[in-house]
Amino acid sequence: MTFTAPIQLPGLALDPQWYRRAVFYEVMVRSFLDSNGDGAGDLQGVVQKLDYLQWLGIDALWLPPFFNSPLKDGGYDVQDFKSILPDFGTLDEFRDLVTKVHERNMRVVIDLPVNHTSDAHEWFQQSRSDPDGPYGDYYVWRDTDEGYPNIRVIFVDTEESNWTFDAERRQFFFHRFFSHQPDLNYENPAVHEAMFDTVRFWLDLGVDGFRLDAIPYLYETEEGNGEGEPATHDFIRKLRAMVDAEYPGRVMIAEANQWPTEVAEFLGTEEDPECHMAFDFPVMPRIFYSLRSQQAGELVRVLSEHTSIPKNAGWGVFLRNHDELTLEMVNEEYRQAMYGWYAYDPRMRSNIGIRRRLAPLLDNSRAELELAHALLFSLQGSPFLYYGDEIGMGDNIWLPDRDSSRTPMQWTPDRNAGFSTADPGKLYLPIVQSLVYNYQQINVEAQLAQSRSLLHWIRNVIHVRKGHPTFGLGTLRVLQTNHESVLAFVREYEGSGTHFGDMPEKVLCVFSFAHNPVAVTITDPENPGEALYDLFGGGQFPSIGDDGSLHLTLGTQSFYWLHVGGAHFAGGRV
Ligand SMILES: OC[C@H]1O[C@H](O[C@H]2O[C@H](CO)[C@@H](O)[C@H](O)[C@H]2O)[C@H](O)[C@@H](O)[C@@H]1O
Ligand SMILES: [Ca+2]
């Protein structure tokens, strides 16, 4: 067997499975760093912080929309798919960003809201004013608001219907989201062409992939619920075929807030692939549920459900993102429990979810933050971090909608948290100044100076994860335990033999959600008698018994990652 070292810096390493090994980081351009002092973050600001992201161990940036936009929905209301909002920068600056990201062997994934545009988009302006013109059929127009009776309203806080009357065209248009976001009409082949053209435009600029926003909602039918209609899958397959043929190695990531069996359809089959990755929505709220209920049962249940997906497809796992913590994937009983624990002030709720950041949700508990991240970094799928969560940033629930958790990144204890030199009143959103999460306490500089900070802890875990390909590429098998608060699973990878370090490996991951120390017996019938070593420090643990049983004790809300087998293991501390 020959081992070749991965291609080294500078430049991108050739790795067809890069997205399955990658740690992703969501950077809202507007929120990260303001390079020119106008009060809003920009592309050059992101460039200035690439060293920080590389140090943290990030492999790929996910940039939510930065296109020209009225910004009534954080940029998901696109006015022009081929230009950048001037506040954020220029196409040349974007090219520069891509080059500098690639120089660091990192990648850039951009967000593409393919389902709809802003009503300020030229296509919609022309569609409403000239029904018989080239854009007349670009949107979904009807004489009444009675079509598609089975299609639910998603933004229940603001919208009563998916139809809005347009006084100029004197017809109703269809919208899955805000009434200023008309849905594109995918029955029209010209819309397909326009979207392919958009995708090629950004791939030609060097992006490594797309998050396909709100992907289930492209087509509507009278009978269906408009979520993953067959024609939607046909379109995605067609798009994937084009990407594979013209831009091999670039990826499509499905944002489909559905149950894994339905989401798996957005990954297609090996013969007829759709997206390369899809976010795992059900697992996320169950992590939060387990933390408060001290019950691992719901996580055990969803992780034990095997959903088959194509060989090279993968999941994206996350704790938080730029949206509310969605509760669409839990039933009413669990939803109410979670509102009670996490959204006790009605101001904290948004649609079917909770508009708070990670650290305030977990009441700034270091044990819970570590436990939640340990899960994030060891579940099956690629982890997606949300900017600022690595330092435990707070939120501002007095801001409207999801702006509560889109406030400026806190870099230093100085003016505007080092985010901007602008007059503080000019910032796009105020810096968090709350008692616990005040930027003078919670910032990158202060955490860099403390070796035991959350930031250093998260960096260490990321680097340990990266030393073990099983986390990105391995299978997950849930184990039986005799304690209701304990979750245990084995991540197992057969090794590819193509890269140095890409060896067969098994890691036993154990998590206790109990609010007190516990003793537990775990059963792993497949690894009787195997030795166990702590992945962080290399310390030897009691071996698994010959009958497959393992007795462990765990501290309050704590976890272990244990290498299974082999006495040679040396630990992974960086
Ligand atoms: O462009 C409209 C929205 O599209 C995404 O929406 C997703 O977030 C919703 C919650 O905010 C969720 O309920 C829905 O299922 C998703 O498709 C995007 O992430 C949003 O920011 C955007 O408003
Ligand atoms: Ca700026």
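**View 1. Acid side chains meet ligand 1.** In the side chain of D323, an N or O atom sits 2.5 Å from an oxygen atom of ligand 1. Bear in mind as you look around that this is a predicted model. D73 makes a similar kind of approach: 2.7 Å separates an N or O atom of its side chain from an oxygen atom of the ligand. Then there's E255, with a polar side-chain atom 3.0 Å from an oxygen atom of ligand 1. How much of ligand 1 does the protein bury? The protein covers 98% of the 470 Å² that the ligand exposes when taken alone.

**View 2. The shell around ligand 1.** Pull back a little and you'll find 18 residues around the ligand. Which of them come nearest? Those are D73, H116, D213, D323 and E324. Sorted by class, the shell holds eight charged residues, six nonpolar ones and four polar ones.

**View 3. Ligand 1 between two domains.** Here the point is where the ligand sits in the overall fold. Domain 1 is made of residues 18-114 + 189-464, and domain 2 covers 116-183. Why does ligand 1 lie between them? Both domains give residues to the shell around ligand 1, so that's where the ligand ends up.

**View 4. The largest cavity.** Searching the whole structure turns up four cavities of 30 Å³ or more. What takes up the space of the largest one? Ligand 1 does. This cavity holds about 340 Å³ of space, and 25 residues line it. Nearest its centre are F155, F177, E255, D323 and R402. Two of those names should ring a bell: E255 puts a polar side-chain atom 3.0 Å from a ligand oxygen, and D323 has a side-chain N or O atom 2.5 Å from one. By class, the lining counts ten nonpolar, nine charged and six polar residues. Domain 1 and domain 2 both contribute to the lining, so the largest cavity, too, lies between them.

**View 5. The second largest cavity.** Now for another hollow. How much space lies in the second largest cavity? About 140 Å³. Its lining is built from 14 residues, and M28, R30, S31, G74 and F88 are the ones nearest its centre. Eight of the lining residues are nonpolar, with three polar and three charged ones making up the rest. As for how such hollows get found, a probe the size of a water molecule is rolled over the atoms, which shows where empty space is left.

How values were computed
Residues numbered from 1 in each chain as written. Chains lettered and ligands numbered in written order. Predicted model: local features only at pLDDT ≥ 70, side-chain atom pairs only at ≥ 80, totals over all residues. Heavy atoms only, no water. Near = heavy atom within 4 Å. Polar contact = N/O pair within 3.5 Å; in protein donor to acceptor, adjacent residues only side chain to side chain. Areas by Shrake-Rupley, 256 points an atom, 1.4 Å probe, with all protein chains shown as cover. 1 Å grid on protein atoms, 1.4 Å probe; cavity = no way out; pocket = protein on both sides within 12 Å on 5 of 7 lines; lining within 4 Å. Sits in = over half its atoms within 2 Å of the grid points. Nonpolar A, V, L, I, M, F, W, Y, C, P; charged D, E, K, R; others polar. Domains from an automatic or database assignment. Points joined across faces, edges and corners; volume = space filled by probe spheres on them.
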